[in-house]
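Subject: Structure handover

Hello,

Here is the structure we spoke about, with my notes below it. Please look through it and tell me if anything needs a second pass.

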Amino acid sequence: MLHGETPGHRQKGDMTSADSHWFEKMATHMGAAYLRYSFTKGTKQEVDFIVDRLGLKPGMRILDIGCGPGRHANELATRGFLVHGIDISESFVEIAKSKAPLGATFERMDARKLTFEDEFDVAICLCQGAFGLMTAQGEDALVLRGIRKALRSEGKLALSAFNAYFSVKYHTDAEFDANLGVSHEKTEVRNTSGTPLEVDLWTGCYTPRELRLMLDLAGFEVQEVLSVDPGSYKEAPPSLESSEFLVIAFASPSHREGSL
Ligand SMILES: C[S@@+](CC[C@H](N)C(=O)[O-])C[C@H]1O[C@@H](n2cnc3c(N)ncnc32)[C@H](O)[C@@H]1O
């Protein structure tokens with residue numbers, strides 16, 4: 001699975017503009033080859049589960065944060081939803097646009113600087129779609145606050161995050177920083193021609209308790225946290241055995257911007 005951040009490799013204040021993010025180099029190299037990774041193959045199952053779990057109805061407006069090449073956004077649009085995907089990677093945005101059915105739009109935007117206000121019924125942020133790649137102090141929280149602002153009152157959220165327990169227990173090739181809750185590994189990614197690129201992957205990992213606390217502070221009411229794996233979203237209580245947690249939450253009507 002591709003996930004990461006470089007907390008030790010940047011200075012405070014770096015990469016806060018939409019002009020640069022470490023993931024872009026990797027995304028540009030991979031291009032459409034990203035969609036060959038096994039963790040991207042379960043899109044339909046993931047969308048089925050989210051539509052059912054959140055009780056989504058065609059016509060609803062959905063924001064997909066860190067949409068990548070648009071696999072969830074485009075699948076949702078084929079089902080009659082109006083989806084807008086944002087991603088920091090221009091090359092992923094271009095791939096998403098090239099496959100977009102009616103109802104799906106995309107733009108390059110930094111999830112730390114979301115510009116939407118009360119515009120969406122639903123937000124999805126899946127497979128470390130920006131959240132979890134923002135391991136610099138406070139940046140994941142910034143992403144959540146932007147999502148909350150983009151949602152209408154009682155708007156719905158599905159967000160996945162890497163499971164910290166799983167990372168410690170099973171990610172034996174990676175180093176886990178117990179202070180930051182970040183997992184680091186070196187690996188290589190390939191482009192469509194098979195050319196490798198060596199990369200450092202840094203994953204912000206979470207426990208259900210941390211997710212509930214963060215979501216609460218950002219103005220959400222958490223309905224449930226489930227233990228899931230890519231392509232196998234299901235109703236399962238949090239455990240040490242799944243690679244991700246899926247949070248289902250609602251934008252709290254009582255939350256006021258600036259109350260944090
Ligand atoms: C592992 S991919 C997940 C993509 C997609 N959600 C999926 O499930 O296939 C993480 C995505 O987050 C995007 N991303 C990382 N940092 C971002 C940021 N600051 N703003 C917007 N997108 C970002 C990356 O470009 C990448 O497309």
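The hairpin of β7 and β8 has five residues between its strands, and Gly194 takes a positive phi near 90° there. The strands of this hairpin, β7 (residues 182-190) and β8, are antiparallel and pair over nine bridges. One pairing that involves β8 is that of Ser183 with Thr203, its bridge partner in that strand.

Strand β8 (residues 196-206) also pairs with β5 (residues 151-163), in the parallel sense, through two bridges. Asn163 has Tyr206 of β8 as its bridge partner.

Please keep in mind that this is a predicted model. The mean pLDDT of the protein chain is 90, and 90% of the residues reach at least 70. Residues 3-19 have a pLDDT below 50, although the model gives this stretch 36 contacts beyond near neighbours in sequence.

Helix α5 covers residues 139-150, twelve in number. At 1.5 Å a residue the helix should span 16 Å, and its end C-alpha atoms are 17 Å apart, so the two values agree. Is α5 mostly covered or mostly open? It is mostly covered, with nine of its twelve residues buried. The buried set includes charged side chains as well as nonpolar ones: Glu139, Asp140, Arg145 and Arg148 are among them, and so are Val143, Leu144, Ile147 and Ala150. Gly146 is buried too.

Next, a loop position. Where is Gly231? Gly231 sits in the loop between β9 (220-228) and β10 (244-251). Gly231 counts as partly exposed because it has 14 C-beta neighbours inside 10 Å, where 20 or more would make a residue buried and 12 or fewer exposed. Apart from neighbours within four places in sequence, the contacts of Gly231 are Lys41, Gly42, Gln45 and Glu46. Thr40 lies 191 residues from Gly231 along the chain, yet their C-alpha atoms are separated by 7.7 Å.

Last, the ligand. Which residues come nearest to the ligand? Out of the 23 residues around the ligand, these are Gly66, Gly68, Ala111, Cys127 and Gly129. By class, the shell is made up of eleven nonpolar, eight polar and four charged residues.

Regards

Terms used:
Residues numbered from 1 in each chain as written. Predicted model: local features only at pLDDT ≥ 70, side-chain atom pairs only at ≥ 80, totals over all residues. Helix = DSSP H or I, 4+ residues; strand = E, 2+ residues; numbered from the N terminus. Contact = placed C-beta atoms within 7 Å. Pairing = 2+ DSSP bridges. pLDDT = per-residue confidence, 0-100. Expected span 1.5 Å × (residues − 1). Near = placed C-beta within 6 Å.
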